[in-house]
Amino acid sequence: MSQFNYIQDLQNIITLDGELTKGPAPRWQKKLDISSAAQAQAVPPGTLSGKTPSKKAGGSGSKTTPGKGGKGQSSSSAQKQQQPSGGDRFIPNRNTTDFDLGHYMVKQNEGKSKENEGSDGSGEEGGGTSGGASGSGSPKNAERMKMLAEAVKGCDISNRRILSYQTKAPAAPDGHMNPLKVVYSVKTPMSTKSGSRFIPNAPERILDAPDIINDYYLNLMDWSADNVVAVALGSSVYLWNAASGNIEVLYENEGSDHACALGWIQEGHILAVGTSTGTVELWDCEAMKRLRVMDGQSGRVGVLAWNSFIVCSGSRDGSIINHDVRSRDHNVATLRGHTQEVCGLKWSTDGKHLASGGNDNMVNVWSAANGAPHTTTTPLHAFNQHQAAVRALAWCPWQPHTLATGGGTADRCIKFWNVNNGQLINSVDTKSQVCGLLFSKNYKELISAHGYINNQLTIWKYPSMTRQVDLLGHTGRVLQIAMSPDGSTVMSAGADETLRLWNCFTPDPLLTKKEKSATREKPSLLKQSIR
């Protein structure tokens, strides 16, 4: 018999047409069992129980699993409340959803649509019989049904949602960055609103400036139109070619004499040097020789300003002399509008006004004499609103009548003046000593150099005077700033014996390209004459 049983088992294995009696149930059988069990436990639509279809009608409404008491329920709820919001996904809580009410609202809307279709059809066939058929859809009947529904549910069902959740989606955890935020963001970025641009906050290059004199009233650096920087270090004057990087020594003083001011002629290679002995020297920096010496002042010359062939020198004795470098009698006019040392001089961009600032907290504006490059001996305006020495002066290149002045430690303000009427336009408190001011040639912006406490360079939007960026790096106060001929780079000389180059006004390449494409070359006169 065992032999026949073995043969029968072997035939059952080989035969594939028969029904499988052993092994797990097929997937379709599992799904069928689950669906039949769910239908057996489902709540019929007519009963208003407020529970979800998967809940039992006779349950007490508690969310605890079978086998856990009230103590476990309270601890689990406390843990849920202590859990921080956030996570990788949102699982909604449907406790506030009333499925019976939702079913009723859906069926009611379907009934209304069918009634509307039926009333339209009966009206086409015959208008006499449509009145009785549409009695159930009359406004009176609809109002009665609405009142009945409100009485049963205790609220206005027209304002209820079919699907509702108890809580909103939790916020993202701290530090979470959505990579699609930029793609789907509707709000305009702040950079577009404010019109801000990228400004490098680190210097492009740092040069050593040993033995530079830490004196607020001296002007020891200037940048020429030929891209050569002159800087006075100790008793020597150095020339640094910004294009090639070559460094040359112009001259070296003997003894205790030293240069107090440097100023390049507007076009050319002539450098004016103000000395500690009260003289002004003219040097040819290509031939590396001194051309002439001009005297006339008893104190050191701490500031110089060129206007064509006139160089103005400000001295510690409070005087300003206009020197005509072409004439043997170089002293054209002597201006006496300050009672203390003159530490700031600047000609306007149109050459019509000269501004002077002094240690007596005064700012004087001198007008040109009948169109000549020198000034009259009487000041046009005298401003006394500053509370400290005024060394920083700058004229607006696109508004030649606007003058910016900066005060020292006790003042710390940048003031803007209209020299046409002598009115104060604006005053901004910078919270630190103002050592230098420059207007940008490429943007409507202003850069200021400061001392204690941050020793920073600050870029401002003009005329709103919105602070754009602070350029940090100097460990001592910034003594002076100068701008490159193309207006893209600013060099700052600090009391920490360093020279730093900042590419803070680099032109926008897109705007430059548009300007080049807009300007067409004029046809040659030779080509125009040929026919």
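Here is a walk through the structure, from the whole chain down to a few side-chain pairs.

Keep in mind that this is a predicted model. The chain has 531 residues, and 36% of them count as buried. Its secondary structure adds up to ten helices and 28 strands. If you look at contacts between residues at least 6 apart in sequence, 47% of them join residues at least 24 apart. On the outside, the chain exposes about 32400 Å², with carbon and sulfur atoms supplying 52% of that area.

Start near the N terminus with helix H1, which spans residues 2-14 and holds Ile-7. Together with Tyr-6 and Leu-10, Ile-7 makes a nonpolar surface patch of about 300 Å². Why can Ile-7 take part in a surface patch? A patch residue needs over 30% relative accessible area, and Ile-7 clears that cut-off because its value is 37%, which makes it partly exposed.

Next, the annotation. The UniProt record, an unreviewed entry, lists residues 335-376 and 471-503 under "repeat: WD". Take the stretch 471-503: it is 0% helix and 52% strand, and its end C-alpha atoms sit 11 Å apart.

Now for the charged side chains. Side chains of opposite charge can pair when their charged atoms come close. How many salt bridges are there in this model? The count is ten. A handy one to pull up lies within the 471-503 stretch just discussed: Asp-496 pairs with Arg-500, with the closest N and O atoms 3.8 Å apart. Both Asp-496 and Arg-500 are buried.

Compare that with Glu-281 and Arg-290, whose side chains meet in a salt bridge at 3.3 Å, N to O. Here the two partners fall into separate classes: Glu-281 is buried, at 9% relative accessible area, whereas Arg-290 is partly exposed, at 46%.

Then there's Lys-431, which forms a salt bridge with Asp-429, the closest N and O atoms being 3.5 Å apart. Neither partner is buried: Lys-431 is exposed at 61% relative accessible area, and Asp-429 is partly exposed at 35%.

Not every salt bridge stands as a lone pair. Asp-215, Arg-300, Arg-316 and Glu-341 are linked in a network of salt bridges. One of these residues, Glu-341, belongs to the other range in the UniProt record, 335-376.

Technical notes: Residues numbered from 1 in each chain as written. Predicted model: local features only at pLDDT ≥ 70, side-chain atom pairs only at ≥ 80, totals over all residues. Heavy atoms only, no water. UniProt positions renumbered as here; feature names shortened; annotations may be inferred. Helix = DSSP H or I, 4+ residues; strand = E, 2+ residues; numbered from the N terminus. Salt bridge = Lys/Arg side-chain N within 4 Å of Asp/Glu carboxyl O. Buried < 20%, exposed > 50% of the residue type's maximum accessible area, 1.4 Å probe, protein only. Patch = residues over 30% accessible without salt bridge, like charges linked within 9 Å, V, L, I, M, F, W, Y side chains within 5 Å. Areas by Shrake-Rupley, 256 points an atom, 1.4 Å probe, with all protein chains shown as cover. Contact = heavy atoms within 4.5 Å.
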